[in-house]
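Welcome! Please take a moment to look over the sequence and the structure shown here, and then we will walk through them together.

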Amino acid sequence: MSAPFEFVVVGASLAGLNAARAALQHPSAPRVTVIGAEEHLPYDRPPLSKAVLKSDEHERPALFGSAELAEHEGCTVILGATATGVDTAGHVVRLGEREVRYDVLVIATGATPRTLPLETPPGVHTLRTWDDAVAIRSQMRAGGRMVVIGAGFIGSEVAASAKERGMDVVIVEALEVPLARAVGETAGAALGSIHGRHGVDLRLGSGVIGFEGEDRVTGVTLSDGSTVPADLVVVGIGALPQTSWLDGGGIEIDNGIVCDSHLRTSAPDVFAAGDVARWDNPLFARHMRIEHWTSAQEQGSHAAQNALDPGAATAYSHVPYFWSDWYDSRIQFVGVPSGTPEIVDGSWDAEAFTAIYREGDRVVGALTLNRRADIMKYRVLIAASKTVEDARALARDRAEARALKAARA
Amino acid sequence: MKIHLDRAKCTALGVCESMAPEWFEVNEDGDLDVLVDEVDEGQRERLEEIVRACPTAALSLGD
Ligand SMILES: Cc1cc2nc3c(=O)[nH]c(=O)nc-3n(C[C@H](O)[C@H](O)[C@H](O)COP(=O)(O)OP(=O)(O)OC[C@H]3O[C@@H](n4cnc5c(N)ncnc54)[C@H](O)[C@@H]3O)c2cc1C
């Protein structure tokens, strides 16, 4: 009997789980090994900044298919184990002294929070893992003052959750406009103003230069010399792809693992998926690395399928999608945030609006605030490379549908 | 084959609608409607993909 085909996944989260699951369902029945640094089976991260922080009873959020993975007889899950390198010529993943041979390798090591280059006393946290969320939540119980550093999506969600729990919340943001990279300046300013409407103080243009308190944080010192009192601090200043364990190996890294349109890395038989991957998206003819649930989920399966059926491999063509829930508002974005957006429905200061992004005549992105019924209709347009005119027509249709419904009520 | 929607889990994130607008639609109230009662067995693979793509694991397939 020949040796079994070894399908190895590094990173046991959303992308890794989906890669493993796709491999286990493949007719060639490879032997699957999943290596994960955390002690937990794959779980779901989006609730960590939302429902989990709001309720002390909320358990570790389940991820579809995670329990089945551990029970599957064709699969070995190695948890609490950090991969330390890949020998691409020898087809071996190293875990310290231990070696795991692969025929195909999918790297799904995700991203890790950026930190401030400052000394941090206890009580200053980042949020990426279940363990992080539990640590933050246990300290929220005491109430008091929370300072969130960074007005990005995760920081904003943490601020909203803390406010809902009755804490006093201040967000400090180094830039003059929040979320500019994610949605552009006009839209970022509009979304930032949601905080003020809910009694959260958003301080823009405020860099953090240090912390006060020794045994425990008592304040955050800003670039203008002032101090914001704090009982608990959460730093949400973005995430970096977890590629340091690959340094010096044969896999090309440049803001993530560089992949072609098929999610293949520069090394033979090595694929990447999820937040760690920067791939060539044919739909927009550019490389992108995104940190969104939907792309991580899809790329996991896509990479596995391409790895196991190289003859039938396909490009991963994708309209990015993310959502974020703040207070009672839902923000949704599809596509790419090019240029200055145009409001097509509602207004920037309203409780609900739709804005579109364009490249030439083509509509390439859409942002909605509290327009759950509309957003995916734009995603379909963008996937079909439709025009700005098509998007404006859709906006008119949607406004009409809402008016009709209001008239009926 | 039937599509089951767990309304307690669904928050109308809409991924299903973008993958199959003929089967799913988020309505004006911001809730998801499943537009069909029965789906042909030949569509199982596509539906399974949609089930997996649901960020809140609110969809499942039944007979
Ligand atoms: C608090 C929070 C809220 C979010 N909310 C939303 C949201 O509302 N909407 C949305 O679209 N997206 C959201 N996201 C993003 C989404 O969760 C991520 O895009 C998704 O988790 C990416 O999955 P992944 O598998 O690529 O990576 P990750 O989930 O980062 O998992 C990577 C795994 O690999 C492990 N690992 C790393 N290095 C090694 C190594 N050397 N050896 C072994 N294991 C290793 C890590 O420990 C980790 O478990 C949120 C993320 C967070 C943290």
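## A covered arginine that reaches chain B

Let us begin with R330(A), which has a relative accessible area of 2% and therefore counts as buried. You will find R330(A) in strand β23 of chain A. Its side chain reaches across to chain B, where the backbone oxygen of T11(B) is 2.6 Å away. Please keep in mind that this is a predicted model.

Just before that strand, in the loop between β22 and β23 (329–335) of chain A, sits Y327(A). With a relative accessible area of 11%, Y327(A) is buried, because buried means under 20%. Y327(A) has a positive phi of about 50 degrees, although it is not a glycine. Why is that worth a second look? Most residues other than glycine have a negative phi.

## Around the ligand

Now turn to the ligand. How many residues surround the ligand? There are 34, and the closest are S13(A), E38(A), R45(A), K50(A) and R128(A). By type, the shell divides into 17 nonpolar, 10 polar and 7 charged residues.

Some contacts can be picked out one by one. An N or O atom in the side chain of R45(A) is 2.6 Å from an oxygen atom of the ligand. The backbone takes part too: a polar backbone atom of W323(A) is 3.0 Å from a ligand oxygen, and a backbone N or O atom of L14(A) lies 3.2 Å from an oxygen atom of the ligand. Of the 1000 Å² of accessible area that the ligand has on its own, the protein covers 95%.

## Where the shell comes from

Several elements of chain A each supply at least two residues of the shell: α1 (14–25), β2 (31–36), α5 (153–164), α8 (293–308) and β22 (321–326). Which domains give residues to the shell? Both domain 1 (6–112 + 239–312) and domain 2 (115–235) of chain A do, so the ligand lies between them.

## Helix α1 and what follows

Helix α1(A), one of the elements that supply the shell, is mostly covered, with 11 of its 12 residues buried. L14(A), whose backbone contacts the ligand, is among those buried residues, as are N18(A) and R21(A). The length of the helix can be checked as well: at 1.5 Å a residue, the 12 residues of α1(A) should span 16 Å, and the end C-alpha atoms are 17 Å apart, which agrees.

N18(A) is a good residue to look at within helix α1 of chain A. It counts as buried because its relative accessibility is 4%. The side chain of N18(A) makes a polar contact with the side chain of R21(A), at 2.7 Å. Here a general point about helices helps: an α-helix has 3.6 residues a turn, so residues three or four places apart point the same way.

After the helix comes H26(A), in the loop between α1 and β2 of chain A. At 12% relative accessibility, H26(A) counts as buried. Where does H26(A) stand relative to L308(A)? The two are 282 residues apart in sequence, while their C-alpha atoms are 7.8 Å apart in space.

## Two more loops

Y102(A) has its place in the loop between β6 (98–101) and β7 (104–107) of chain A. Buried or exposed, how does Y102(A) count? It counts as buried, because its relative accessibility is 0%. Y102(A) and G213(A) are 111 residues apart along the chain, and 49 Å separates their C-alpha atoms.

Another loop, between β11 (168–172) and α6 (180–183) of chain A, holds L179(A). L179(A) is not a glycine, yet it has a positive phi of about 60 degrees. It is also buried, with a relative accessible area of 9%.

## Helix α9

Our last stop is helix α9 of chain A, residues 375–383. Of its 9 residues, 7 are buried, leaving the helix mostly covered. Among the buried ones are the charged residues K377(A) and R379(A), alongside I375(A), M376(A), Y378(A), L381(A) and I382(A). Just after α9(A), S385(A) takes a positive phi of about 55 degrees.

Notes: Residues numbered from 1 in each chain as written. Chains lettered and ligands numbered in written order. Predicted model: local features only at pLDDT ≥ 70, side-chain atom pairs only at ≥ 80, totals over all residues. Heavy atoms only, no water. Near = heavy atom within 4 Å. Polar contact = N/O pair within 3.5 Å; in protein donor to acceptor, adjacent residues only side chain to side chain. Areas by Shrake-Rupley, 256 points an atom, 1.4 Å probe, with all protein chains shown as cover. Helix = DSSP H or I, 4+ residues; strand = E, 2+ residues; numbered from the N terminus. Domains from an automatic or database assignment. Expected span 1.5 Å × (residues − 1). Buried < 20%, exposed > 50% of the residue type's maximum accessible area, 1.4 Å probe, protein only.
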